[in-house]
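Take a helix and ask how its two sides are used. Start where it ends, then work back along it.

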Amino acid sequence: MSAQPDHTPAAPYAPAPGAPAELLAQLRADRRAERWVPAFEREWSAALEESRRTFSLTTLYEVVHAWQARLASAPAVDAFVASGHDETGFVDMAELRGRRRR
(Lines give C-alpha, C1' and ligand atoms only; values in the text may rest on other atoms or scores of the structure.)
Protein backbone atom coordinates (compact mmCIF):
# COMPACT_ATOMS: atom_id res chain seq x y z
CA MET A 1 0.00 0.00 0.00
CA SER A 2 1.29 3.41 -0.91
CA ALA A 3 1.33 6.39 1.41
CA GLN A 4 0.67 8.65 -1.56
CA PRO A 5 -2.78 10.18 -1.94
CA ASP A 6 -4.84 8.73 -4.75
CA HIS A 7 -5.55 12.21 -6.07
CA THR A 8 -3.74 15.49 -6.11
CA PRO A 9 -5.30 18.92 -6.19
CA ALA A 10 -5.19 20.59 -9.57
CA ALA A 11 -2.58 23.30 -9.76
CA PRO A 12 -3.57 26.55 -11.39
CA TYR A 13 -2.52 26.82 -15.01
CA ALA A 14 1.10 27.74 -15.44
CA PRO A 15 1.67 31.26 -16.68
CA ALA A 16 4.14 31.79 -19.51
CA PRO A 17 7.77 31.87 -18.36
CA GLY A 18 8.00 35.61 -19.02
CA ALA A 19 4.67 36.45 -17.38
CA PRO A 20 6.11 37.83 -14.12
CA ALA A 21 8.45 40.21 -15.98
CA GLU A 22 5.67 41.33 -18.33
CA LEU A 23 3.36 41.82 -15.38
CA LEU A 24 5.93 43.92 -13.55
CA ALA A 25 6.39 46.08 -16.66
CA GLN A 26 2.63 46.61 -16.86
CA LEU A 27 2.49 47.49 -13.16
CA ARG A 28 5.30 50.00 -13.58
CA ALA A 29 3.39 51.64 -16.46
CA ASP A 30 0.16 51.91 -14.45
CA ARG A 31 -0.78 55.10 -12.64
CA ARG A 32 -0.88 53.09 -9.39
CA ALA A 33 2.76 52.01 -9.81
CA GLU A 34 3.90 53.76 -6.65
CA ARG A 35 1.71 51.46 -4.55
CA TRP A 36 1.38 48.40 -6.75
CA VAL A 37 5.01 47.73 -7.70
CA PRO A 38 6.27 47.45 -4.09
CA ALA A 39 3.23 45.33 -3.17
CA PHE A 40 3.83 42.97 -6.10
CA GLU A 41 7.53 42.74 -5.28
CA ARG A 42 6.76 41.87 -1.62
CA GLU A 43 4.27 39.18 -2.64
CA TRP A 44 6.62 37.81 -5.31
CA SER A 45 9.52 37.63 -2.84
CA ALA A 46 7.38 35.82 -0.28
CA ALA A 47 6.17 33.41 -2.98
CA LEU A 48 9.77 32.74 -4.06
CA GLU A 49 10.71 31.87 -0.48
CA GLU A 50 7.68 29.60 -0.19
CA SER A 51 8.59 27.96 -3.49
CA ARG A 52 12.15 27.32 -2.33
CA ARG A 53 10.88 25.85 0.91
CA THR A 54 8.19 23.62 -0.60
CA PHE A 55 9.59 22.92 -4.09
CA SER A 56 6.21 23.99 -5.46
CA LEU A 57 5.45 26.69 -8.01
CA THR A 58 1.81 27.03 -6.97
CA THR A 59 2.33 30.11 -4.81
CA LEU A 60 4.23 31.85 -7.61
CA TYR A 61 1.43 31.05 -10.04
CA GLU A 62 -1.15 32.39 -7.58
CA VAL A 63 0.71 35.70 -7.24
CA VAL A 64 0.86 36.11 -11.02
CA HIS A 65 -2.84 35.23 -11.41
CA ALA A 66 -3.93 37.60 -8.64
CA TRP A 67 -1.99 40.53 -10.07
CA GLN A 68 -3.17 39.80 -13.60
CA ALA A 69 -6.73 39.92 -12.27
CA ARG A 70 -6.05 43.23 -10.47
CA LEU A 71 -4.72 44.78 -13.66
CA ALA A 72 -7.59 43.40 -15.72
CA SER A 73 -10.24 44.72 -13.31
CA ALA A 74 -8.62 48.14 -12.76
CA PRO A 75 -10.45 49.85 -15.67
CA ALA A 76 -13.82 48.64 -14.35
CA VAL A 77 -12.97 49.84 -10.85
CA ASP A 78 -11.85 53.21 -12.23
CA ALA A 79 -15.08 53.53 -14.22
CA PHE A 80 -17.16 52.72 -11.15
CA VAL A 81 -15.34 55.28 -9.02
CA ALA A 82 -15.58 57.90 -11.77
CA SER A 83 -19.32 57.28 -12.14
CA GLY A 84 -19.93 58.93 -8.80
CA HIS A 85 -22.00 56.12 -7.31
CA ASP A 86 -22.73 56.70 -3.67
CA GLU A 87 -20.88 54.12 -1.58
CA THR A 88 -22.09 55.31 1.82
CA GLY A 89 -24.50 52.38 2.16
CA PHE A 90 -21.80 49.75 1.80
CA VAL A 91 -20.46 47.86 4.78
CA ASP A 92 -16.96 48.81 5.90
CA MET A 93 -15.38 45.36 6.32
CA ALA A 94 -12.49 46.70 8.40
CA GLU A 95 -14.97 48.28 10.79
CA LEU A 96 -17.02 45.09 10.88
CA ARG A 97 -13.94 42.98 11.70
CA GLY A 98 -13.02 45.44 14.46
CA ARG A 99 -16.45 45.04 16.05
CA ARG A 100 -16.18 41.25 16.10
CA ARG A 101 -12.89 41.35 18.01
CA ARG A 102 -14.32 43.34 20.87
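Phe-55 follows α2 and has a positive phi, near 60°. This is a predicted model: local features need pLDDT of at least 70, side-chain atom pairs count only at pLDDT 80 or more, and totals for chains, interfaces and linings use all residues. Residues are numbered from 1 along each chain as its sequence is written, and side-chain values use heavy atoms, without hydrogens and water.

Now step back into the helix itself. Helix α2 covers residues 33-54, 22 in number. From first C-alpha to last it reaches 30 Å, close to the 32 Å expected at 1.5 Å a residue (the expected span is 1.5 Å times one less than the number of residues).

Which residues of α2 are buried? They are Ala-33, Trp-36, Val-37, Ala-39, Phe-40, Ala-47 and Ser-51. Buried means under 20% relative accessible area, exposed over 50%, partly exposed in between, with a 1.4 Å probe and protein chains only. Seen down the axis of α2, the buried residues fall within an arc of 165°, so they line one face; the arc is taken from the directions from the helix axis to the C-beta atoms. The cover over these residues includes α1 (19-29) and α3 (58-82). The face turned away carries exposed Glu-34, Arg-35, Arg-42, Arg-52 and Arg-53.

Widen the view to the chain. It holds four helices and zero strands, where helices are DSSP runs of H or I of at least four residues, strands E runs of at least two, numbered from the N terminus. Of its 102 residues, 23% count as buried.

Conventions: Contact = heavy atoms within 4.5 Å.
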